[in-house]
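Work through the exercises below with the model open. Try each task before you read its solution.

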Amino acid sequence: MQGIIRTIRDGSGFDILLLGLALLYLIIFSAFPIIYNIIMSLQTVDMFTLTSFNRPFVGLQNYYDIFSQPVAGTIFWNTVKFVVLSIVFQLSIGFGLALFFQQDFPGASYLRGLFLAGWIMPALVVGAIWKWLFAGDFGVINYALTSLGIADDRIFWLSDPNVALYAVIIANIWLGIPFNMILLSVGLASIPRDVYEAAELDGAGVFERFRSITLPLMRAQLGAVISLGVIFTLQQFDLIAALTQGGPADSSNVAQYWSWQFSFQTYEISLGSAVSVLMIIFVIVVAAVYVRSTRHEHSY
Amino acid sequence: MKAVMKWIAAASLFMSGAAQAEPVTLDIWTIDRPDQYMYLLKDEFEQSHPDIKLNIKTVQFRDMVNDLARATATGESPDVTYIDNPEVALFASRGLLLDLGPMLAESKVIKKEDIFPGPLSSVTWDGKIYGIPRGANTLALYYNADMFKATGLDPDNPPKTWDELYAAAKKLSDPAKNIYGLAFSAVATEEGTFQFLPWLQMAGGDYNKVDTEGGIKVLDFWGKLLDEKLASPDTLIRSQFDSTGTFNAGNAAMAISGPWELPRMGREAKFDYRAALLPIPQEGATRASALGEGDNVILAKSEHPKEAFILLEFLYSKMPDVWNRFGFVPAANVKSNDPKTPAIYAVFEESMKYARNRGPHPEWPKISKAIYTAIQSSLTHQSDAKTALGTAQKQIDAVLNK
């Protein structure tokens, strides 16, 4: 007994204890739900059999059912568009703002802080506000566009099937910019000033400095922001729920919302699980890329 | 003096309580807010039935089916709960609800024959009765009589057929003033199906037979309203409540919705609003209307079925007051006590006679999804009405023939 206490207090027992706690946490809150989800995706599950393990196994039938849905193709491409466009614009605008606020001008840090306001707001609230802005008949955006003469007629942002997905993407870009900006600002701040000064003395111009110093030294941060961005975008649910609910006619539906619709609207829980398993696999690939990108981290 | 009275009252309550058996507590789930139905009736019930206490828990409408299913799986289900009409079959078919037949046969309060056929079918599964409607709602055509007058239409003679509805919508719509002819909801949820079914039933068809000539006719008609901007393109994403909001604000001259709108309409609509029966396809066609609202059911596992049934009887006995107090239309043939807005009440009361239940079917959400998906893909011109309804029929058949 004495021995155990001693090893916990100042021996390897302490390390094992800490490791054990973390592992236990991971097993209970990450591994178990993921495995449970995978099992459900191979079974026939409805609400009434949620609590029992004793359910018929159907192999890959659920996956087959998903891919044979007529909307599967639409939803796949919508998800790709949603993720790629969101990330590209969140990252480039966020990076641009981070570089901008890196400049020394009065109030730079306050303004940067203010930008976080959008990130702090719950996505449901953001969705409700954008819904007003986008409203077809009385929305501010349409009012501005028509009175400035940019658009002849009102655009039905949320009910025109050709536009709805892009409306959701625009709102999501807005929501993601502050997060990108802050993470990248931190990265920029950690690049030593003297590297730039030395390059400047050697005659490197602004773009040359950005290309050969900022970008390579930001590699790890960019990798992190992109991978986290993919994950956040793939779990963006509230915004879609608040804006279009995937409609009209699934034109703005994406995988994560589709999964929810299966599980909680038509109660086909096994199909919902199958969609989310496919998403998990994709996220694991992204995470692997992220881990690789940080492993090659520069040291200077 | 007041304090003394209170003490005496408390003491006498205590004595009478002590003289009786331990009071039974019923666990109740409801979707009501504290100023609605179950909460308002709780005090009245407990006063008239001192031996039964009610323990009420509010569950969000959209969570009710999920929560109830989970609770029945883990054995923590309530004694009595609210269930939305089309979901009764789901729980009844799994034997989770108490068959009320034997107690109904003895009941002096509830007469099965009095309940309207629509509501009765919503609580019936496999020939047995599993719930008592707490009230009902249905659809009607609201219209802005002031706008009718301003455009030269006769407010005492609202549209009776689809052609008349179209003509009126065309005349009333005024893009310059941001006024649409008609507001309704074709949203991709249960509400879209709810609004669509009566049209389909009037034109020939039902939830189990959607790929009919009538179905195509309805979708083409709805498509025409949207394409010609007689109804807002946002009809595709607005709930009934949101759509009617535009009517209240004067941005739509007519609206299709139910009696639940009346409290808000009374506050917000600054014009002479009236109601009419849903227009029919042509003179002499069969009428149909939607059936909404929900039912009070007893769970099969309840330990106090007798007391629970007493509560159901009590709730049913409030049917003559549901219009004035809760905004429901009576689900049974009772005389309403001095109904408010009597002209509109009369319309809904008559409409109730044509109200048909959705389903019943244990997998109703899947059927409903097939229907609203067809509506949306046709109205957005992703496919024509015939193809959309054909696809829906295949999905519905797959559910029905399982």
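Angles under 35 degrees count as roughly parallel, over 145 as roughly antiparallel, 65 to 115 as roughly perpendicular, and the rest as oblique. This is a predicted model, where local features need pLDDT of at least 70, side-chain atom pairs count only at pLDDT 80 or more, and totals for chains, interfaces and linings use all residues. Residues are numbered from 1 along each chain as its sequence is written, while chains are lettered from A and ligands numbered from 1 in the order in which they are written.

**Exercise 1. Classify the crossing of α4(A) and α9(A).**

Start with the general idea. Two packed helices are described by the angle between their axes and the distance between the axes. Axes are lines fitted to C-alpha atoms, for helices over the stretch in contact, and angles run from 0 to 180 degrees between N-to-C directions. Helices (H or I, at least four residues) and strands (E, at least two) are DSSP runs, numbered from the N terminus.

- Step 1. Helix α4 (residues 72–102) and helix α9 (residues 164–189) of chain A have axes that come within 6 Å and cross at roughly 40°.
- Step 2. α4(A) and α9(A) are therefore oblique to each other.
- Step 3. The crossing of α4(A) past α9(A) is right-handed. Right-handed means that the near helix is turned clockwise from the far one by less than a right angle; left-handed means anticlockwise.
- Step 4. Sorted by class, the contact of α4(A) with α9(A) has 17 nonpolar, nine polar and one charged residues. Ala, Val, Leu, Ile, Met, Phe, Trp, Tyr, Cys and Pro count as nonpolar, Asp, Glu, Lys and Arg as charged, and the others, Gly among them, as polar.

**Exercise 2. Do the same for α2(A) and α15(A).**

- Step 1. In chain A, the axes of α2 (residues 12–41) and α15 (residues 269–295) come within 7 Å and cross at roughly 125°.
- Step 2. α2(A) and α15(A) are therefore oblique to each other.
- Step 3. α2(A) makes a left-handed crossing with α15(A).
- Step 4. Contact residues include A:Ile34 and A:Ile38 of α2(A), and A:Ser273 and A:Val277 of α15(A). Contact requires C-beta atoms, placed from the backbone, within 7 Å.
- Step 5. The contact of α2(A) with α15(A) has seven nonpolar, five polar and no charged residues.

**Exercise 3. Is chain A spread out or compact?**

- Step 1. Chain A has 15 helices and zero strands.
- Step 2. Its radius of gyration is 24 Å, well over the 19 Å that the globule rule gives for 300 residues, so chain A is more spread out than a compact globule. The radius is taken over C-alpha atoms, and the rule is 2.2 Å times the number of residues to the power 0.38.
- Step 3. The C-alpha trace of chain A spans about 80 × 70 × 30 Å along its principal axes.

Now turn to chain B.

- Step 4. Chain B has 17 helices and 13 strands.
- Step 5. A compact globule of 402 residues would have a radius of gyration near 21 Å; chain B has 23 Å, which agrees.

**Exercise 4. Where do B:Pro360 and A:Ala249 sit?**

- Step 1. B:Pro360 lies in the loop between β13 (355–356) and α16 (364–379) of chain B. A cis peptide bond joins B:Gly359 to B:Pro360, with omega about 0°.
- Step 2. A:Ala249 lies in the loop between α13 (238–243) and α14 (255–265) of chain A. Phi of A:Ala249 is near 50°, a positive value in a residue other than glycine.
- Step 3. Most residues other than glycine have a negative phi, and most peptide bonds are trans.

Technical notes:
Two residues are in contact if their C-beta atoms, placed from the backbone, lie within 7 Å.
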